Amino acid sequence: MAYKTVNPYTNETIATFPDLKDAELDSLLSQAEKTYKSWRNTSFADRASILHKAASLLREQSDEYAKLLTLEMGKLKREALGEVALSADILDYYADNAEKFLAPQKIPGGSERGDDAMLVSQPLGILLAIEPWNFPYYQLARVAGPHLMAGNVVVVKHASIVPQCAAAFEKLFHDAGAPAGLYTNLFATRQQLEKLIDDPRIQGIALTGSEGAGASVAAQAGKNLKKTTMELGGSDAFIVLDDADLEKSVKWAVWGRMNNGGQCCVASKRIIVQESLADQFFKRFSEELAKLAPGDPSDDATGVPPMSSQSAADQLNQQVEDAVKNGAKAHRVGPTPPNKGAFVQTTILTDLTRDNPAFHQEFFGPVALFFTVKDEQEAIELANDTPYGLGGSVFTEDTKRGVEVAKQIYTGMVYINHPTWTRPDLPFGGVKRSGYGRELAMLGIEEFVNKKLINVVPIDAPA
């Protein structure tokens, strides 16, 4: 069985879940299609009442929801509670703002003929969301929030290692009063997923995941002429200019690299420091990382949780080993992690040259790549020397300088004096191999709607 809960702290299998049968999948899709035909005609107020209720339930039962995050992918308890709260915020945000975002828009012009042109936003139908394990609720909320409020319905193929989180989010909408078929979790097989993408009832696909998965799904969706959004990998640069506040920058570098156990697409994976600060920064960064103790993610004293799975830990350890074989130096920092569980030793890689395969790889876990640069221009060039283009950050006391540097970094997002992060009201997405399309904010809700032109023309107007 593909779907199973394995506690990454102990590597113990807790539960397994059967794959969907083909007949069950077809029945669920038929229900989703039936629900869409009525849901698309509901008022924004009726839609919002369900999303607000779901958000309230998340907050009221935050401990129970958070425990599943810690159990299935090893998320630290405090970060799990934070993810639950963020997911509730996203649902509330779209419940409050969707009607305004999707209001009809007048199109200026045409006055010489007396035209009255407008754009109206209408839902597309059933959307398929393919989501990863690293933020098991947040990833779902940022699809469900906007697209349910837009009048679409959603079916979800979640990551196989977080089945209890997947089922819990479906139950959340059921408990909030959603009609059957509005939000549907699918324990689908790979073959069934391919059939879903081909199925004419599916009108769009939103994927968050790896580069390879994105390329495969986008290709198949393209053959079916279906709209997709892709939020893929990242190797964000964390640039520290020579006028940055050293201690505050170090604090944020630790948070930016180690948040969610380092398993975050917008983690600060490449630390790039101007040479006047580089030695001091490396020393302080190493010291602060070393204070983070590996251990039980449910223990408030733990600073480094296990990776999401043993296979993820093995892959990251292999990347570090390969980087060292090709000339990099690995600085192991902090306490030695437990022998049992999916742990990786916190590590800083230095002496990475461009001919080292690791130079252009994404390191998904507690491993930071550290670079020293001569000046601002070299920092910009290094930040852009990556196949990815998701986020990035610039640290400087001169915010105007930081903004000018940010404009020269080719990514979808750049933060000044803060690692790249997320809020319901800020658009999220990237360029290059990091994908395309945007989630969250106004841009997110517009990805899967039909922007229909309606033009009222005087019957006697010229052609």
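This passage describes an annotated domain, a small set of paired strands and one helix packing in a predicted model.

The UniProt record, an unreviewed entry, lists residues 3–453 as "domain: Aldehyde dehydrogenase". Helix accounts for 41% of this span and strand for 20%. The C-alpha atoms at its two ends are 44 Å apart.

Strands of a sheet pair through backbone hydrogen bonds, in either a parallel or an antiparallel sense. In this model, three strands form an open sheet in the order β3-β4-β20. Their pairing is antiparallel. Strands β3 (105–107) and β20 (449–456) lie at the edges, each pairing on one side only. From one strand to the next, the twist averages 30°. Three bridges join β3 to β4 (residues 116–123), again in the antiparallel sense. Within this pairing, Gln105 stands opposite Leu119 of β4.

The helix packing involves α2 (residues 44–60) and α6 (residues 163–175). Their axes come within 8 Å and cross at roughly 125°. This angle lies outside the range of 65 to 115 degrees for roughly perpendicular axes and is not over 145, so α2 is oblique to α6. The crossing of α2 and α6 is right-handed. On the α2 side, the contact is made by Ile50, Leu51, Ala54, Leu57 and Leu58. Helix α6 contributes Leu172, Phe173 and Asp175. By class, the contact of α2 with α6 comprises seven nonpolar residues and one charged residue, with no polar residues. The charged residue is Asp175 of α6.

Notes
Residues are numbered from 1 along each chain as its sequence is written. This is a predicted model: local features need pLDDT of at least 70, side-chain atom pairs count only at pLDDT 80 or more; totals for chains, interfaces and linings use all residues. Side-chain values use heavy atoms; hydrogens and water are left out. Two strands pair if DSSP finds at least two bridges between them. Helices (H or I, at least four residues) and strands (E, at least two) are DSSP runs, numbered from the N terminus. Axes are lines fitted to C-alpha atoms, for helices over the stretch in contact, and angles run from 0 to 180 degrees between N-to-C directions. UniProt positions are given in the numbering used here, feature names are shortened, and annotations may be inferred rather than shown by experiment. Angles under 35 degrees count as roughly parallel, over 145 as roughly antiparallel, 65 to 115 as roughly perpendicular and the rest as oblique. A crossing is left-handed if the near helix is turned anticlockwise from the far one by less than a right angle, and right-handed if clockwise. Contact means heavy atoms within 4.5 Å.
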